[in-house]
Amino acid sequence: MRVLLYSEGKKLFSKSGVGIALKHQMSALEKVGVEYTTNEEDRFDVVHINTVGPGAERILKKAKKSNIPVIYHTHTTYEDFRNSFTLSNAIAPWLKKRLIKLYSSADFLISPTEYAKNLIKSYGIDLPIKAVSNGVDNTRFSKNKVLAEKFLLENNIRKPLIVSVGLPFERKGVIDFCEIAEKRTDLVFYWFGAKISSLLPSKIRRLLKNPPDNVKFPGFIPQEMIIGPYSACDVFLFPSYEETEGIVVLEALATEAPIVLRDIPVYSGWMKHEENCLKAKNNKEFMENIDRLLHNESLRKKLSACGKGTALEKDLSIIGQELKKIYLEVLDRKK
């Protein structure tokens, strides 16, 4: 069995969740011995599509003509496309129609969480669908005190450190992040993520150019370097309003960072308040939870330990087995 892992716009998406998800799929399949290719000219038995552009549609149609089963990974939803790029809200209704068309044409769907799965089902799509986490590589992501100290020293950080990671979208909570920072000048705030200024609305571009004095936007840094900030932070703050999973949350869990995130449906069932994270509904609650973690060592240790346990449950070796099972099931149905 050989699987075509398809994703278009690799350069653009390489710094996004979809790009990281593709890398995770590759690693997951390697861990369980499933042969894959990213070259559509190769021979393959199953297509696993990650994007929704014209290239993806072309691959889907080509596979259908050749009677090759198609699995669509529903990373993109109408809900999480809004409040992102310039004109995203205007484009979103058209995108939803496209998603329904593409996803409905597959043989099987994979969603990163039960929440994302239920969103896709609410579009009226009646296909076999399973929730499979994007996963995290615990062999790469683990707490590293050496990298933490190096990051703190190189950036001359002496105050408690609050870190977030992601594309700086309004939907990700970047405005809230800065508003919290303005009120908490006793803390240092770092937001890591590609700026892609040409695609961002003007109010976000202005914020990135003129952030509060205690906020830094270093831009995108490779995964091997982000382990330092994850390991060094006193709190990983993730105020996103909408996610299909949140790969950076998995990375923070794996590096034992104490997490405060917005109380939104995607985390229901697997991110548990006062077990592996703290949840907040507004900026006031975010600040209260940050203070709880800064002043309660036992709570920090509890969240970190439980969080690492959650990350181990979503290790790429486990995800690889789940993907392998789906591929074999879809191939069996085609016989």
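**Exercise 1. The largest cavity**

Find which residues line the largest cavity of this predicted model, and say which helices supply them.

*Solution.* Start with the lining itself: in this predicted model, the walls of the largest cavity are formed by Ala21, His24, Gln25, Ala28, His73, Ser133, Asn134, Leu316, Ile319 and Leu323.

Next, sort these residues by class. The lining has 5 nonpolar and 5 polar residues, and no charged ones.

Then turn to the helices. Two of them, helix 2 (17–31) and helix 14 (316–334), each bring at least two residues to the lining. Helix 2 gives the most, with 4 residues.

Finally, add the volume: the largest cavity encloses about 50 Å³. With a threshold of 30 Å³ or more, the structure holds 1 cavity.

**Exercise 2. Helix 2 against helix 14**

Work out how helix 2 and helix 14 are oriented to each other, and which residues meet.

*Solution.* Take the geometry to begin with. The axes of helix 2 and helix 14 are 7 Å apart, and the packing angle is about 85°. Angles of 65 to 115 degrees count as roughly perpendicular, so helix 2 is roughly perpendicular to helix 14.

Now list the partners. From helix 2 come His24, Gln25, Ser27, Ala28, Leu29 and Lys31, and they meet Leu316, Ser317, Ile319, Gly320, Leu323 and Tyr327 of helix 14. By class, this contact has 6 nonpolar, 5 polar and 1 charged residues.

As a last step, compare with the cavity. His24, Gln25 and Ala28 of helix 2 belong to this contact, and His24, Gln25 and Ala28 also appear in the cavity lining. On the side of helix 14, Leu316, Ile319 and Leu323 take part in the contact, and Leu316, Ile319 and Leu323 are lining residues too.

**Exercise 3. The second largest pocket**

Describe the lining of the second largest pocket by residue, class and helix.

*Solution.* The volume of this pocket is about 310 Å³. Its lining consists of 17 residues, and those nearest the centre are Lys143, Lys145, Ser231, Glu256 and Arg300.

Split by class, the lining comprises 6 nonpolar, 3 polar and 8 charged residues.

For the helices, at least two lining residues each come from helix 7 (145–154), helix 10 (223–232) and helix 13 (297–313). Helix 13 has the largest share, 5 residues.

**Exercise 4. Helix 7 against helix 10**

Two of the pocket's helices also pack together. What is the orientation of helix 7 and helix 10?

*Solution.* Their axes come within 7 Å and cross at roughly 85°. Helix 7 and helix 10 are therefore roughly perpendicular to each other.

The contact joins Leu147, Ala148, Phe151 and Leu152 of helix 7 to Glu224, Ile227, Gly228, Pro229, Ser231 and Ala232 of helix 10. Its residues comprise 7 nonpolar, 2 polar and 1 charged. Ser231 belongs to this contact, and Ser231 is also among the residues nearest the centre of the pocket.

**Exercise 5. Helix 3 against helix 5**

Which way do helix 3 and helix 5 run relative to each other, and what is the handedness of their crossing?

*Solution.* The axes of helix 3 (residues 54–65) and helix 5 (residues 88–104) come within 11 Å, crossing at roughly 25°. Angles under 35 degrees count as roughly parallel, so these two helices are roughly parallel. The crossing is left-handed.

Pro54, Glu57 and Leu60 of helix 3 make the contact with Arg98, Lys101 and Leu102 of helix 5. The class split is 3 nonpolar, no polar and 3 charged.

Note on methods. Residues are numbered from 1 along each chain as its sequence is written. This is a predicted model: local features need pLDDT of at least 70, side-chain atom pairs count only at pLDDT 80 or more; totals for chains, interfaces and linings use all residues. Side-chain values use heavy atoms; hydrogens and water are left out. On a 1 Å grid over the protein atoms alone, a cavity is a set of points where a 1.4 Å probe fits but cannot get out, and a pocket is an open set with protein on both sides within 12 Å along at least five of seven lines; lining residues have an atom within 4 Å of a point. Grid points are joined across faces, edges and corners, and a volume is the space filled by probe spheres set on the points. Ala, Val, Leu, Ile, Met, Phe, Trp, Tyr, Cys and Pro count as nonpolar, Asp, Glu, Lys and Arg as charged, and the others, Gly among them, as polar. Axes are lines fitted to C-alpha atoms, for helices over the stretch in contact, and angles run from 0 to 180 degrees between N-to-C directions. Angles under 35 degrees count as roughly parallel, over 145 as roughly antiparallel, 65 to 115 as roughly perpendicular and the rest as oblique. A crossing is left-handed if the near helix is turned anticlockwise from the far one by less than a right angle, and right-handed if clockwise. Contact means heavy atoms within 4.5 Å.
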